[in-house]
Amino acid sequence: MSKVLETRLEIDLQALEYNYKLLKSYLSTKTKIMGVVKAFAYGTDSIIIGKHLVKIGVQHLAVAYIEEGVRLRKAGVEAPILVFYPQLEEIQKLIDFQLTPSVYNHRFLEGLCEELALHEIDSFGIHLKINTGLNRLGFEIDDLNTILQHLKAERKIKMVGLFTHLAASGNKDEVEFTKGQISKFEQARQFFENHLPYIFESHICNSSGILNYPDAEYDMVRAGIALYGYGNNPKEHKMLKAVASLKTVIAQLRMIQKGDSVGYERKFKAERETKIATLPLGYADGISRSFGNGKAQVLINHQKAPIIGNVCMDTLMLDVTGIDCEEGDEVEIFGKNHTVLDFDIEQQTIPYEVITRISQRVTRVLV
Ligand SMILES: *Cc1c(COP(=O)(O)O)cnc(C)c1O
């Protein structure tokens, strides 16, 4: 048998391609896809995923922080990279590594102008972010005139993109609100279209926006979670394929008797003879303690086994009574056969959180 690393996050590029093609089938052929690879490509590997996305036809990439963009550039990625939350302190790197900032407030816009004044640059592209209701980052609709004056005065800056972010594109109860966000955005788009002497690209949809608001495609969409195989509801989710599978092996098996306990604080107490499996991964690997004490299940030899007792830093224990298994057997924490949605407990968390939490201690392997 070939040696496999005990705890590993397997990355399946065919699944990524499948999800990409599925999203593409929802879009008109001229609409561009921006692949969102922030947070290590949702906990996988931003370089492997970023490079592969470009290879299969994604025209743009997006990250949250400048440093994430720098990593991609250093790995040889040449596609345009939008940085959602650039920090003023690192503004110089935007220029050095040809990253495109999302500009969302006056402070950043002014900082950028000051920096550009120091460089011999004719034209520096930015995407302007408008707040339409998420109330996180972005200029207000009331700011449009001021921004326009700024853009006209600062010849070096070119608004190559205009965008906003939807607050609840996956929520059927918020259709009216979402439509309101879209029409606010449309107002901003028309304003700039009428007043700027050049064209720019507009984008609004994240993954569930693509699936639920086909009329709001604009020039580009920003796909994140769906590329990695997760939707915002079970129906969306069923159509997609999980890119990441977190796997490990059974480190040790033991039988305990009625009254025996398992783990710290003795949180699990056996009510009968119980078969216990110990896995070599814990909260330091990204398995939240909230998944302990029966709240989540993993997959062993096609059967589900609950996590029992408190999750430890480097290990966790399962009740595998009645499951045919041996030390060294493979366990799928989540992935292809056992999705995060199954793993997800009582809506206390979301797939985004579960997958991005897998720590860098876990080896990433391509399959
Ligand atoms: C993370 C992010 C996305 C991607 O959202 P998904 O729901 O994962 O598709 C798009 N736009 C912005 C601004 C983001 O921060």
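How many aromatic pairs does the structure hold? The answer is eight. The model is a predicted one.

Take one of these pairs, phenylalanine 84 and phenylalanine 163. Their ring centres lie 6.2 Å apart. Their planes stand at 35 degrees. Planes under 30 degrees apart would count as stacked, and planes over 60 as edge-to-face. The angle here falls in neither class, so the pair is tilted.

Where do the two rings sit along the chain? Phenylalanine 84 is in the loop between strand 4 (81-83) and helix 5 (91-96). Phenylalanine 163 belongs to strand 7 (residues 157-163). The two are 79 residues apart, and the pair links distant parts of the chain.

Are these two phenylalanines buried or exposed? A residue counts as buried under 20% relative accessible area. Phenylalanine 84 has 5% relative accessibility, so it is buried. Phenylalanine 163 has 0%, so it is buried too. Both also belong to an aromatic cluster, formed by Tyr65, Phe84, Tyr85 and Phe163.

Rings also meet charges in this model. The charged end of lysine 158 sits over the ring of tyrosine 198, 5.1 Å from the ring centre. Lysine 241 lies over the face of tyrosine 18. There the distance to the ring centre is 4.1 Å.

Now turn to two helices. Helix 7 covers residues 144-153, and helix 8 covers residues 175-195. Their axes come within 11 Å and cross at roughly 35 degrees. The crossing is right-handed. Which residues make the contact? Helix 7 supplies Leu144, Asn145, Ile147, Leu148, Leu151 and Lys152. Helix 8 supplies Ala188, Phe191, Phe192 and His195. By class, seven of the contact residues are nonpolar, two are polar and one is charged.

Finally, look at the backbone. Most residues other than glycine have a negative phi. Asparagine 135 is not a glycine, yet its phi is positive, at about 55 degrees. Asparagine 135 is found in the loop between strand 6 (124-129) and helix 7. Its relative accessible area is 61%. The cut-off for exposed is over 50%, so asparagine 135 is exposed.

Asparagine 301 also has a positive phi, near 45 degrees. This residue lies in the loop between strand 15 (297-300) and strand 16 (303-308). Is asparagine 301 buried, exposed or partly exposed? Its relative accessibility is 35%. That value lies between the cut-offs for buried and exposed, so asparagine 301 counts as partly exposed.

Definitions and conventions: Residues numbered from 1 in each chain as written. Predicted model: local features only at pLDDT ≥ 70, side-chain atom pairs only at ≥ 80, totals over all residues. Heavy atoms only, no water. Axes fitted to C-alpha atoms, helices over the stretch in contact; angles between N-to-C directions. Helix = DSSP H or I, 4+ residues; strand = E, 2+ residues; numbered from the N terminus. Left-handed = near helix turned anticlockwise from the far one by under 90°. Contact = heavy atoms within 4.5 Å. Nonpolar A, V, L, I, M, F, W, Y, C, P; charged D, E, K, R; others polar. Phe/Tyr/Trp six-rings, centres within 6.5 Å; stacked < 30°, edge-to-face > 60°. Buried < 20%, exposed > 50% of the residue type's maximum accessible area, 1.4 Å probe, protein only. Lys NZ or Arg CZ within 6 Å of the ring centre and 35° of its normal.
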